[in-house]
Amino acid sequence: MKISSTLLAETKKRPRTAWLHPARVLVSVALVAIAAVIVWIIPLRPTESAFEQRDLAKFPAFSWEALASGSYFDDISLWFSDTFPARETFVQMSSGIRGCFGLQGETIHGTVQEGDEIPDAPTRPTSTTTTTVTTTTVTTTTTTTVTTTTSGTASGETTTTTVDPAVLQQNQSLGAIIVKGDTAYEYYNFVRSTADQYIGILNRAGAKLEGANVYSMIVPTSIDVMLEPDARPTNSSDQSKAIAYMVGSLSDKVTPVEVRDALLAHRNEYLYFHTDHHWTARGAYYAFAEFARLTGKTPPPLADFEELAFGGFLGSFYSQTQNAGLKLGGDTVYAYKPQGNISMVRGKTVASAAAYPVITDVTGWNPRYKYSTFIGGDNAYSCITNEDITDGSSVVLIKESYGNALAPYLSTIYHKVYVLDFRYFSEDFTAFVKNNGVQDVLVLNNISATRNATLVNKLDGFIGK
């Protein structure tokens, strides 16, 4: 193909440095300067990532030691990169692109821990005996507390809790996670030492709380209930056998509430979240019904409750894996509000408790906090009172966050429901039960908590010697 001689002549005449025209240079320099100023304006930089479910790095406080070691400038560099304006948009674009190039099949996040061999279930004693399970001695250490603030509504509602940093870390860190399509599951690895310690704690509680009925509910996690046996990873410990071992090791002063079969019977329903490690309120209902029947009470049908739905929930599994498939699936938090003359107070202590809804409207809340619809989330102390029940009946629910979804149901069969989170409640538990004349005590934990040494040690200290 021949090039026009006229076009060639015009090309030769055109200055090769036309782009270096002074006006263009000035505009380019001005734009770069403006961008440089903008990215250093602290109020414009984000402080948290809703997409990644975490707080972003903070500008470091100055100290001569940090300056001398060089860590001060390292921390500034981390803050600068972690809080870049519009980073949320770029992170979401990156996640979306990765999702387009990869099949949303089965992926494993984290290191799968090998579980201990699970002993055969012993035969439960029929009379008062001394359990042969060895308990682990808890070493009391002095820790510095940190304050965590959970941002709730768009109007600025916050919940502030002072916690042990080790517990905070354990609450935020799950074990290995397997993602199958738009649903994630946490691996479970049986740990004999913490399981034995947990059993010993329950047996000690049964012996200490003479006059009260002590119940134990160990809740299986979604990997055990929602997946068919042949679909479960072979390197995840057998929850059925682990629960049987712990139940069989309980003394006759502790009554087990076995809920696994009830959950399995409804496995085709929405019992566990896809993006979070908790069960749903529906899953909690079936466990509640088992407990109610065991105590001789009649659980009201789920249809008697007002159903509320809060969409857009992205929980702990998503937070830890950042898996695009989970974000596409998402979750809806359904809450079932008990009807009647029911009220609740909550607080860090009994004395500081203030009124709060049993079920909170979390429609406009950050996606990661919507599980807090149940009793306002994790509080050291909560008390739900049903004035329509006048028989003076009461129960203490000792729990980690799994218990939040079950607590509202208890208000339909008891006059008083005391909810104590063993991770944060610092008052004398035994005295509390006796001083309030509590008849029933329910210790509820998901099975993953029974392998967590930090949480089990916390429960050990809570029950006391």
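**Salt bridges, a three-stranded sheet and a long-range contact**

In the predicted model, Asp-378 has a relative accessibility of 25% and therefore counts as partly exposed. Its partner in a salt bridge is Arg-423, with 3.1 Å between the closest N and O atoms. The two residues belong to distant parts of the chain, 45 residues apart: Asp-378 is located in the loop between β13 (354-355) and β14 (381-386), and Arg-423 in the loop between β16 (416-421) and α15 (429-435). In contrast to the partly exposed Asp-378, Arg-423 is buried, its relative accessible area being 5%. The pair belongs to a network of salt bridges that links Asp-378, Lys-399, Asp-421 and Arg-423.

Over the whole structure, the search returned 16 salt bridges. One of these joins the side chains of Glu-210 and Lys-253, at an N to O distance of 3.9 Å. Glu-210 is situated in the loop between α7 (192-208) and β8 (213-219), and Lys-253 in the loop between α9 (239-248) and β9 (254-256); the pair therefore ties together parts that are 43 residues apart in sequence. Glu-210 has a relative accessibility of 59% and is classed as exposed, because the threshold for that class is over 50%. Lys-253, at 29%, counts as partly exposed.

A further salt bridge is formed by the side chains of Asp-224 and Arg-232, with an N to O distance of 3.6 Å. Here the acidic partner, Asp-224, is buried at 3% relative accessibility. Arg-232 reaches 21% and counts as partly exposed, since only values under 20% are classed as buried.

Among the strands, β3, β6 and β7 were examined as a sheet. These 3 strands form an open sheet in the order β3-β6-β7, with antiparallel pairing. The edge positions are taken by β3 (106-109) and β7, each of which pairs on one side only. On average, neighbouring strands of the sheet are turned by 20° against each other when direction is ignored. In general, the strands of a sheet pair through hydrogen bonds of the backbone, in either a parallel or an antiparallel manner.

The antiparallel strands β6 (residues 177-180) and β7 are joined by 4 bridges. Within this pairing, Val-179 has Ala-184 of β7 as its bridge partner. The hairpin of β6 and β7 has 2 residues between the strands, and Gly-181 adopts a positive phi near 65° in this hairpin. Along β7 (residues 183-186), Thr-183 and Tyr-185 point one way, while Ala-184 and Glu-186 point the other way. All four of these residues are buried. Ala-184 thus combines a buried position in β7 with its role as bridge partner of Val-179.

A long-range contact involves Pro-122, a residue of the loop between β3 and β4 (146-151). With a relative accessible area of 36%, Pro-122 is partly exposed. When residues up to four places away in sequence are not counted, Pro-122 touches Tyr-245, Gly-248 and Ser-249. For Pro-122 and Tyr-245, a sequence separation of 123 residues is accompanied by a C-alpha to C-alpha distance of 6.5 Å.

Conventions: Residues numbered from 1 in each chain as written. Predicted model: local features only at pLDDT ≥ 70, side-chain atom pairs only at ≥ 80, totals over all residues. Heavy atoms only, no water. Buried < 20%, exposed > 50% of the residue type's maximum accessible area, 1.4 Å probe, protein only. Pairing = 2+ DSSP bridges. Axes fitted to C-alpha atoms, helices over the stretch in contact; angles between N-to-C directions. Salt bridge = Lys/Arg side-chain N within 4 Å of Asp/Glu carboxyl O. Contact = heavy atoms within 4.5 Å.
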